[in-house]
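Here is a friendly tour of a protein chain for your next coffee break. Have the sequence and the 3D view open as you read.

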Amino acid sequence: MEQIIKPIIHNRFDIEVRDSKTNEIKQKAVSYNIVLDKFFNYLVTKQKKMAYIHVGTGTGIPTIERTQLFTFLGAKSTSVVETQKAYPVSFIRRSIVLSPSDFVGAKITEVGLGASQYASDLVTHSMLKDSEGNQIAIQKTDT
């Protein structure tokens, strides 16, 4: 018996800004993004694990042929938080934590999943937006 499964691939970023001393949540954001062409190349060939989160300070409208953020700020290696391999929903949840000294003074406006720490290895791209769909920036401080 042959069964055809039509996969749906999407990506979402849940962002929490916490005070480094008290761990109190200062700001939350959710960002849905697009899957870029390069994602499927890496998925099919299993060349890379897509285990970096890229952050940037640019503006614009992401398109699937992009290979990097508008203004790449940096990338951090992820930790796996949760994995579910089951039909009909499978996922891997990853996270990063920016230390107080990372990117101080930057206004983070875009994020994406990357296959490496290099700017040109982006596989998903998302602009941070508020609940009304307006682009927002998260001011990165040392706390």
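Two strands count as paired if DSSP finds at least two bridges between them. By that rule strand 1 (residues 11-18) and strand 2 (residues 25-35) pair up: they run antiparallel and are joined by 8 bridges. Please keep in mind that this is a predicted model. The points below start from that pair of strands and move on to the cores, the helix and a few backbone details.

**The hairpin of strands 1 and 2**
- Across the pairing, F13 sits opposite S31 of strand 2.
- The hairpin has 6 residues between its strands, and N23 takes a positive phi there, near 65°.
- N23 belongs to the loop between strand 1 and strand 2, and this residue is not a glycine.
- Is N23 buried or exposed? With a relative accessible area of 48%, N23 falls in between and is partly exposed, because that class covers values from 20% to 50%.

**The nonpolar cores**
- The largest nonpolar core has 10 residues, including F13, I15, A29, V55, V111 and L128.
- Strand 1 and strand 3 (52-56) each give this core at least two residues.
- There is also a second, separate core of 7 residues, with F39, Y42, M50 and V123 among them.

**V111, a member of the largest core**
- V111 lies in strand 8 (residues 110-114).
- Its relative accessible area is 5%, so V111 is buried; the cut-off for that label is under 20%.
- Which residues does V111 touch, apart from those up to four places away in sequence? They are F13, H54, V55, L69, T124, H125, S126 and L128.
- Of these contacts, F13, V55 and L128 also belong to the largest nonpolar core.
- For a sense of distance, the C-alpha atoms of V111 and T45 are 24 Å apart, with the two residues separated by 66 places along the chain.

**Helix 1 and its buried face**
- Helix 1 spans residues 37-45, and K38, F39 and Y42 are buried in it.
- Viewed down the helix axis, the buried residues fall within an arc of 110°, so they line one face of helix 1.
- As background, an α-helix has 3.6 residues a turn, so residues three or four places apart point the same way.
- The packing partners of the buried helix 1 residues are strand 2 and strand 9 (124-127).
- K46, just after helix 1, has a positive phi of about 55°.

**D102 and its polar contacts**
- D102 is placed in the loop between strand 6 and strand 7.
- D102 counts as buried, at 17% relative accessibility.
- What does the side chain of D102 contact? One partner is the side chain of K76, in a polar contact of 2.9 Å.
- A polar atom of the D102 side chain also lies 2.9 Å from the backbone nitrogen of S99.
- Beyond neighbours within four places in sequence, D102 is in contact with K76, V97 and K140.

**Backbone details to look up**
- Most residues other than glycine have a negative phi, and most peptide bonds are trans.
- F103 is not a glycine, yet its phi is positive, at about 55°.
- F103 is found in the loop between strand 6 and strand 7 (107-108).
- The peptide bond from Y87 to P88 is cis, with omega near 10°.
- P88 lies in the loop that runs between strand 5 (79-84) and strand 6 (91-95).

How values were computed: Residues are numbered from 1 along each chain as its sequence is written. This is a predicted model: local features need pLDDT of at least 70, side-chain atom pairs count only at pLDDT 80 or more; totals for chains, interfaces and linings use all residues. Side-chain values use heavy atoms; hydrogens and water are left out. Helices (H or I, at least four residues) and strands (E, at least two) are DSSP runs, numbered from the N terminus. Buried means under 20% relative accessible area, exposed over 50%, partly exposed in between (1.4 Å probe, protein chains only). A nonpolar core is a set of buried Ala, Val, Leu, Ile, Met, Phe, Trp, Tyr and Cys residues joined through side-chain atoms within 4.5 Å. Contact means heavy atoms within 4.5 Å. A polar contact is a pair of N or O atoms within 3.5 Å; within protein, one must be able to donate a hydrogen and the other to accept it, and residues adjacent in sequence count only if both atoms are side-chain atoms. The arc is that of the directions from the helix axis to the C-beta atoms.
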